[in-house]
Amino acid sequence: VVGEAPAIESTTTSVGQVISQRTVQEIPLNGRHFLDLGTLIPGPVAPSQNGFLTAPLRGQGSFAFNTAGNREDTVNFMINGVNLNDQVQNQITFQPSINTVAEFKVDNSSLSAEYGRSSGAVVNIATKSGTNDLHGEVFNYLRHQSMDARNFFNKEPAPQSPFKRNQFGANLGGPIAKNKTFFFLTYEGLRQRQALNFNSGVLSDAQRAAVVDPVSRNLLSLIPTSNATAANGSAAFLGEGSANVDIDQFTGDVNHQLGDNDRLHAYYAWQRDQRQEPNLQGNTIPDFGDTRSSHRMIGTLNHTHVFGANLVNEARFGFNRINITFAPNAALK
């Protein structure tokens, strides 16, 4: 074990810290969300579980974090120098697979003049490229309800509510032309099968029989009948709602040395995901809520030219797209 004092950063006035590739790759992460590592640096605080953007989405993790006393929607996320923020809520569009993250840096204050889009911190993500050696990886992570405790409302003798998370993927990197052109490809998938427990007050049989209005009686079919009794003796319903998540993400990275003074770097990420939310709108009975289908993409192209020992120019081009649809689980007229 070797402890060394950090070197003083004399080339910039920014206050921040880099999370290295070794930390990104080797620290265990529940869900493999690299943004969870943001709390390891000075400045951030543990995110609120009911925050605006810090509340983790099912299967996708948090989309922001609080740092340096700022709101989570003031953080500017960038990947290879290109904006990775959703333009509506100013959250990260999606979290790239940790397999493709070489390192990321969080600048909390005294930012460089090249930044300024947001008032809070800047998170810079650098993606991984291949090397002269061919390397690959295949992985599969499993979490199952048989190793979890029961939900408080999921009591015996009812069967334990299902929860199965399977995260799997592979990556491969190496040379296209030795010492000149390199590639790095990744795929990561998530299949999560989950049922949320519902505990809701409903009408008793006597109350249902007392409804005489024709319109109200038509609505009774949407309300489940009582199958339990609450602590105060009123009618209740215990049930499950499906909350499945499917995610597929592909990334490609190409690094090409044009000459002694020029380098070209291209990166592309494509993700499609589908998430069922049976109770996010405050629903307390199953079969309502919505299903959210998303398509997310980002592409970056960087050209770096070295003019001399004290002058370097970097040109960046990129695009960031996101499309989300919300389909109600109960298509009622």
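This report describes a pair of strands, two pockets and a group of aromatic rings in a predicted model.

## A hairpin of two strands

Strand β13, which covers residues 290–308, and strand β14, which covers residues 311–328, run antiparallel and are joined by 18 bridges. The connection between β13 and β14 is a hairpin that passes through two residues. To follow the pairing in the structure, one can start at I298, whose bridge partner in β14 is N320.

## The largest pocket

The largest pocket has a volume of about 540 Å³. Its lining is made of 23 residues, and those closest to the centre of the pocket are L57, Q89, Q91, R275 and R292. The two strands of the hairpin, β13 and β14, appear here again, for together with β12 (262–277) they are the elements that give two or more residues to this lining. Sorted by class, the lining of the largest pocket holds 11 nonpolar, six polar and six charged residues.

## The second largest pocket

The second largest pocket has a volume of about 410 Å³, and of the 20 residues that line this pocket, N80, G81, N124, I125 and A126 are the closest to its centre. At least two residues of the lining come from each of β4 (101–109), β5 (122–127), β12, β13 and β14, and β5 gives the most, with four residues. By class, this lining has five nonpolar, nine polar and six charged residues.

## Aromatic rings

The model contains seven aromatic pairs. In one of them, Y187 and F250 are tilted with respect to each other, with 4.8 Å from centre to centre and 40° between the planes. Because Y187 lies in strand β8 (residues 181–201) and F250 in strand β11 (residues 245–257), this pair ties together parts that are 63 residues apart in sequence.

F250 also forms a tilted pair with W270, where the centres are 5.8 Å apart and the planes stand at 50°. Since W270 belongs to strand β12 and F250 to strand β11, the pair ties together parts that are 20 residues apart in sequence. Are these two rings buried or exposed? F250 counts as partly exposed because its relative accessibility is 41%, and W270, at 21%, counts as partly exposed as well. Together with F168 and Y187, the residues F250 and W270 form one aromatic cluster.

## A charge over a ring

Another kind of contact with an aromatic ring involves R32, which lies over the face of F139 at 4.2 Å from the ring centre.

Definitions and conventions: Residues numbered from 1 in each chain as written. Predicted model: local features only at pLDDT ≥ 70, side-chain atom pairs only at ≥ 80, totals over all residues. Heavy atoms only, no water. Pairing = 2+ DSSP bridges. 1 Å grid on protein atoms, 1.4 Å probe; cavity = no way out; pocket = protein on both sides within 12 Å on 5 of 7 lines; lining within 4 Å. Points joined across faces, edges and corners; volume = space filled by probe spheres on them. Nonpolar A, V, L, I, M, F, W, Y, C, P; charged D, E, K, R; others polar. Phe/Tyr/Trp six-rings, centres within 6.5 Å; stacked < 30°, edge-to-face > 60°. Buried < 20%, exposed > 50% of the residue type's maximum accessible area, 1.4 Å probe, protein only. Lys NZ or Arg CZ within 6 Å of the ring centre and 35° of its normal.
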